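Open the model in your viewer and keep the selection tool at hand. We will go stop by stop.

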Amino acid sequence: MAKAARFSQQLSGPLRAVAAEAAGCERCPLYRDATQTVFGEGPSDARIMLVGEQPGDKEDLEGRPFVGPAGRLLDQALAEAGLDRQQAYVTNAVKHFKHQPRGKRRIHKRPDRGEIQACHWWLDQELALVRPSLVIALGATAAQALAGRKVVLSRERGLEVEYPGGLRGMSTVHPSSILRVPDAEARHAAFSALVEDLRTAVRPAQEAPRVTPIPMTAASPRGAARTKAKRGTKAA
Ligand code: SF4
């Protein structure tokens with residue numbers, strides 16, 4: 001049975017149309033075991049775009065990015081860095097939840113290179129439509145997807161870089177990595193470091209010019225043929 005797809009009410013115009021198209025995406029195998037495509041959300045004129053790795057369990061069920069525990073931590077970090085989450089566009093490098101069952105739980109599995117590459121098709125469209133002045137990669141997978149090369153986060157975090165396509169970018173840790181720190185003091189320090197990275201990047205980005213990126217993915221007839229509307233697809 002076709003799964004009903006939902007996406008954020010915040011999306012409008014061309015972004016909403018692309019999200020509707022992505023709801024039927026079958027460009028890689030990840031759509032098979034996930035509940036739905038989790039497209040990005042936020043204002044189409046956002047100056048800052050945040051890119052995570054992939055939706056988690058809660059995001060998969062709700063159809064919205066960063067709504068689980070990591071999302072709440074991100075909201076808090078953004079607020080402390082001086083940015084309201086509602087002003088940013090938030091998305092993931094991969095739009096379906098990759099997981100493996102363990103008992104009743106669904107355990108996150110890192111997407112592979114082919115899946116990240118296939119899903120760049122949608123990330124490129126989000127970048128082209130939002131035209132952010134700064135893209136913040138949350139975690140190594142997102143940084144590698146944007147940079148198109150291996151990224152050692154411990155070396156690059158907090159530094160301004162230029163991603164292919166002329167995008168101004170910066171990478172920092174994914175908030176879920178902070179949730180996994182067992183020691184409370186170390187967790188607090190990791191959170192403060194995330195806030196510091198965001199604070200350094202956010203203020204200048206609000207003044208910086210927008211960039212129209214050159215897409216990293218070329219039109220692929222095969223991919224396009226596998227991107228089809230699912231029956232029952234509708235905006236929430
Ligand atoms: S390319 Fe992205 S949206 Fe399409 S099936 Fe794969 S993960 Fe899902």
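Start with a rule for angles: under 35 degrees counts as roughly parallel, over 145 as roughly antiparallel, 65 to 115 as roughly perpendicular, and the rest as oblique. Axes are lines fitted to C-alpha atoms, for helices over the stretch in contact, and angles run from 0 to 180 degrees between N-to-C directions. Helices (H or I, at least four residues) and strands (E, at least two) are DSSP runs, numbered from the N terminus.

This model is predicted: local features need pLDDT of at least 70, side-chain atom pairs count only at pLDDT 80 or more, and totals for chains, interfaces and linings use all residues. Residue numbers start from 1 along each chain as its sequence is written.

**Stop one: two helices.** Select H1 (residues 13-22) and H4 (residues 113-130). Their axes lie 10 Å apart, at an angle of about 175°. H1 and H4 are therefore roughly antiparallel. Pro 14, Leu 15, Val 18 and Ala 22 of H1 meet Trp 122, Gln 125 and Leu 129 of H4. (Contact: C-beta atoms, placed from the backbone, within 7 Å.)

**Stop two: the ligand.** Select its shell of 15 residues. (A residue is near a molecule if its C-beta atom, placed from the backbone, lies within 6 Å of it.) The closest are Cys 25, Arg 27, Cys 28, His 96 and Cys 119. H4 gives the most to this shell, with 4 residues.

**Stop three: Phe 66.** Look in the loop between H2 (57-62) and H3 (69-81). Phi of Phe 66 is near 50°, a positive value in a residue other than glycine.

**Last stop: Arg 131.** Find Arg 131 in the loop between H4 and strand E5 (134-138). Phi of Arg 131 is also positive, near 50°.

Methods: Two residues are in contact if their C-beta atoms, placed from the backbone, lie within 7 Å.
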